[in-house]
Amino acid sequence: RMHILTEPEDTSDLEVLLSATDLLAACAESKNLFIESVCQNIFSIEELVEIIRNNLPPARKRPFVRFLIWVYMSTDGNQQSSQGTALAHGSAIWKYLHHISSLLENVAKALSLVPKDERETIRHELTAASRRRNSFSAHSPQYTGSRLPRSTSVGIPDVTDEEGQLVPGLLEYLADGVIPFL
């Protein structure tokens, strides 16, 4: 799985992996104990944490964060207490939380460069996208970052690309994965 996720190009295998993971996360949202049990046999907590801690594009991480939330953290069964506790006490998850903290600081820096009226447009686009609630796979519509001012002198790690634009899928990753995770 990690090999597919770390390939530089989008492949059909990647699309299937992201879509299937997202579908399973959506199924687990119903808090059905049987579905949660089946999903817990597909990905372990350790594997999910390894994936979300990896240096992957946000759009590739989003289905796995959602899977972690709905299968292990927001469950219907008694598994929540034992596995959720194990997750909270693992050092890997604390490293991920530290990464999220610095990522959120960097996003705030990047968005502070956007004029207020354009930030409002971004907020409306994200709100509309969350209402549609389509699949959150790599091929769903994403905010492209075209409204950020082109400033190559401002390079913000994990937030802007080489052209100074927001990394595609970053805001959706934060809204659909990171914020519910926290």
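**Figure 1. S74 lies in the loop between α5 and α6 (79-89).** The model shown here and in the other views is predicted. S74 counts as buried, because its relative accessibility is 19% and the cut-off for buried is under 20%. Apart from neighbours within four places in sequence, S74 is in contact with K31, E36 and I69. The view also takes in E29, which is 45 residues from S74 in sequence. In space, the C-alpha atoms of S74 and E29 are 8.1 Å apart.

**Figure 2. Helix α3 (residues 33-40) crosses helix α5 (residues 58-73) at roughly 120 degrees.** Two packed helices are described by the angle between their axes and by the distance between those axes. Here the axes of α3 and α5 come within 9 Å. The angle makes α3 oblique to α5, because angles of 65 to 115 degrees would count as roughly perpendicular and those over 145 as roughly antiparallel. The crossing in which α3 passes α5 is left-handed. On the α3 side, the residues that meet α5 are E36, C39 and Q40. On the α5 side, F67, W70, V71 and Y72 meet α3. Sorted by class, the residues of this contact are five nonpolar, one polar and one charged. E36 also appears in Figure 1, as one of the residues in contact with S74.

**Figure 3. C27 and C39 are shown in a structure that holds zero disulfides.** C27 is in no disulfide, and its nearest cysteine sulfur, that of C39, is 6.9 Å away. C39 is likewise in no disulfide, with the sulfur of C27 as its nearest cysteine sulfur, again at 6.9 Å. A disulfide is counted when two cysteine sulfur atoms are within 2.5 Å, so a pair must meet that cut-off. C27 has a relative accessible area of 31% and is therefore partly exposed. C39 has a relative accessible area of 1% and is therefore buried. C39 is also one of the α3 residues that meet α5 in Figure 2.

**Figure 4. Helix α7 (residues 91-112) packs with helix α9 (residues 170-181) at an angle of about 135 degrees.** The axes of the two helices are 12 Å apart. At this angle, α7 and α9 are therefore oblique to each other. α7 passes α9 in a left-handed crossing. From α7, the contact is made by I93, Y96, L97, I100, L103, L104, V107 and L111. From α9, it is made by L170, L171, Y173, L174, V178 and F181. The contact of α7 with α9 has 14 nonpolar residues, no polar residues and no charged residues. An α-helix has 3.6 residues a turn, so residues three or four places apart point the same way.

**Figure 5. α9 is mostly covered, with nine of its twelve residues buried.** The buried residues of α9 include L170, L171, Y173, L174, V178 and F181, which are the α9 residues that make the contact with α7 in Figure 4. E172, D176 and G177 of α9 are buried as well.

**Figure 6. H3 is found in helix α1 (residues 2-6).** H3 counts as exposed, because its relative accessibility is 59% and the cut-off for exposed is over 50%. L14 is eleven residues from H3 along the chain. The C-alpha atoms of H3 and L14 are separated by 9.6 Å.

Conventions. Residues numbered from 1 in each chain as written. Predicted model: local features only at pLDDT ≥ 70, side-chain atom pairs only at ≥ 80, totals over all residues. Heavy atoms only, no water. Axes fitted to C-alpha atoms, helices over the stretch in contact; angles between N-to-C directions. Parallel < 35°, antiparallel > 145°, perpendicular 65-115°, else oblique. Left-handed = near helix turned anticlockwise from the far one by under 90°. Contact = heavy atoms within 4.5 Å. Nonpolar A, V, L, I, M, F, W, Y, C, P; charged D, E, K, R; others polar. Buried < 20%, exposed > 50% of the residue type's maximum accessible area, 1.4 Å probe, protein only.
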